[in-house]
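User: Please go through this structure with me, in plain words. I'll ask as I go.

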Amino acid sequence: KFGSLNISIYAIARYLNQLPAEQTFQDHLGRNREITGRNDIYWHRSMIWFSGFLGTPRLRYNATVWTIFTTQQTLIYGQIQYLLNKHLKFGIGVGPNLCIRSLQGSFPFYSSTDRTMGEDALRGGFTGGFWVTGQVVPKLNYTLMLGNNLSTLGISAAKLTRQLSKSVSLWWMPTTGEFGPRGGIGDFENHPKLATRIGASYCFSREDRFNNIGQPSPDNTQVRMSDGLLFFETGALADGVTVDNADYQMLSVDLGLKYKGFNAQLEFYARELSDFNADGPLSISSLRDYAYTLQASYMVIPKKLNVYAINSYFWDDFKRNPWELGGGVNIYPVKSRSWRLNAQVMRVYKTAAGGTFGLYTAGQTGTTITLGTDILL
């Protein structure tokens, strides 16, 4: 009666092949950059959750052990939340900036084993903060978040500025009042009535490179430009020039429906980087990127076999117009979302996303093949 402890685990292993193996691309300043596509097998991600209540069911806790083997990162973080009523739930700890839909609880129920290029290239991340969430009226929900910055990964308290990130999200589920477990992608549950979701999110943060001492590589690796370069690296906007601070603003709008095994999900993104503080002259004063991601899937065999397609496209100030198009299959051997086999083939063009965390290498043009399996208990 005094408390509870639940233990859950998520784990994924996958093979990733980015083709062609070696290639050169030009960044927005016309400079040639060489990349080598990945061809590797990794136990990619592990997460262990310890959760429950303490003293009263209104007081909830969650402690998470999180590790990404491809980036050699391991963290332990958590949340403490208090449920006052259905309209007000208070939380403090590590949480997401409310930039895009997939940051707000749908993990790991994605189409494939990671986010799309449209999501990954522009989004913020997780940070220490305080939030309030709840129901405005039946079927309409909200979350307000005040955080330290866009992403806490690799950033110690000694490096933080006094600027806080602010974000807000609203989502409305007008027909059935729900959108499946975690609001995930795919109609595994085979909705007999049309389920719908309409959402909007906005995030603002005054971002810093977090190591303003002449190093060419920034500690802030969350913000990338549409050519895949880290925004705060020396020379990103002009040869030899380093941006120390900039405003980040992002708005996203998502629309989704589920019906009898079919799921369609469309999300629009608009991001602006502005008010640059740099140590040299720059030819531009702001950057605006617009993009969308469209996902469609169908349960060919209920609770067993799912096929899906993904398309992302960018309209960017550099006029590079990155895009991706492809799809894959998900097999659920035990007729449960708890175990999935995934195969995906994606054609990418001038990839805007980058890093070894997700599925993309910045600047790649070619084909990416992914084979993976993940479990959630």
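Analyst: A word on terms first: helices (H or I, at least four residues) and strands (E, at least two) are DSSP runs, numbered from the N terminus. This is a predicted model, in which local features need pLDDT of at least 70 and side-chain atom pairs count only at pLDDT 80 or more, while totals for chains, interfaces and linings use all residues. Residues are numbered from 1 along each chain as its sequence is written, and side-chain values use heavy atoms, with hydrogens and water left out.

User: OK, surface first. Which element gives the most to the nonpolar patch?

Analyst: That is β14, which contributes three residues. Patches are made of residues with over 30% relative accessible area and no salt bridge, with like charges joined within 9 Å and nonpolar side chains (Val, Leu, Ile, Met, Phe, Trp, Tyr) within 5 Å. A salt bridge here is a side-chain nitrogen of Lys or Arg within 4 Å of a carboxyl oxygen of Asp or Glu. Both β12 (243–259) and β14 (286–301) supply at least two residues each.

User: And which residues form that nonpolar patch, with how much accessible area?

Analyst: The patch consists of Leu-194, Leu-257, Tyr-259, Phe-262, Tyr-298, Val-300, Ile-301, Val-307 and Val-329, with about 690 Å² of accessible area together. Areas come from the Shrake-Rupley method with a 1.4 Å probe, and for residues only the protein chains shown count as cover.

User: Take Tyr-259, then: what does its relative accessibility count as?

Analyst: Tyr-259, which is found in strand β12, counts as partly exposed because its relative accessibility is 36%; the scale calls a residue buried under 20% relative accessible area, exposed over 50% and partly exposed in between (1.4 Å probe, protein chains only).

User: Switching to the backbone, which residues does a cis peptide bond join?

Analyst: One cis bond joins Leu-19 and Pro-20, with omega about -5°, and Pro-20 lies in the loop between β1 (6–19) and β2 (22–26). Another joins Phe-107 and Pro-108, with omega about 0°, and Pro-108 sits in the loop between β7 (88–96) and α1 (117–122). Most residues other than glycine have a negative phi, and most peptide bonds are trans.

User: Which residues other than glycine have a positive phi, then?

Analyst: Among them are Arg-182, with a phi of about 60°, and Lys-303, with a phi near 60°. Arg-182 is in the loop between β10 (165–172) and β11 (195–208), while Lys-303 is in the loop between β14 and β15 (305–316). Arg-182 counts as partly exposed because its relative accessibility is 41%, and Lys-303 is partly exposed at 36%.

User: Now the inside. How many cavities of 30 Å³ or more does a search find?

Analyst: The search of the whole structure finds four, and the largest holds about 160 Å³ of space. Its lining has 18 residues, of which Phe-109, Tyr-110, Tyr-332, Arg-337 and Arg-340 are the closest to its centre. On a 1 Å grid over the protein atoms alone, a cavity is a set of points where a 1.4 Å probe fits but cannot get out, a pocket is an open set with protein on both sides within 12 Å along at least five of seven lines, and lining residues have an atom within 4 Å of a point. Grid points are joined across faces, edges and corners, and a volume is the space filled by probe spheres set on the points.

User: Which element gives the most to the lining of the largest cavity?

Analyst: It is β18, with three residues; β18 (366–376) and β14 are the elements that give two or more.

User: Last topic: how many salt bridges does a search find?

Analyst: There are 17 in the whole structure. One of them pairs Asp-114 with Arg-14, the closest N and O atoms being 3.2 Å apart; it links distant parts of the chain, since Asp-114 is in the loop between β7 and α1 and Arg-14 is in strand β1, 100 residues apart.

User: Are Asp-114 and Arg-14 buried or exposed, and which other pair should I look at?

Analyst: Asp-114 and Arg-14 are both buried. Asp-120 also forms a salt bridge with Arg-123, again with the closest N and O atoms 3.2 Å apart, and both of these residues are buried. In Lys-159 and Asp-219 the side chains meet at 2.6 Å, N to O.
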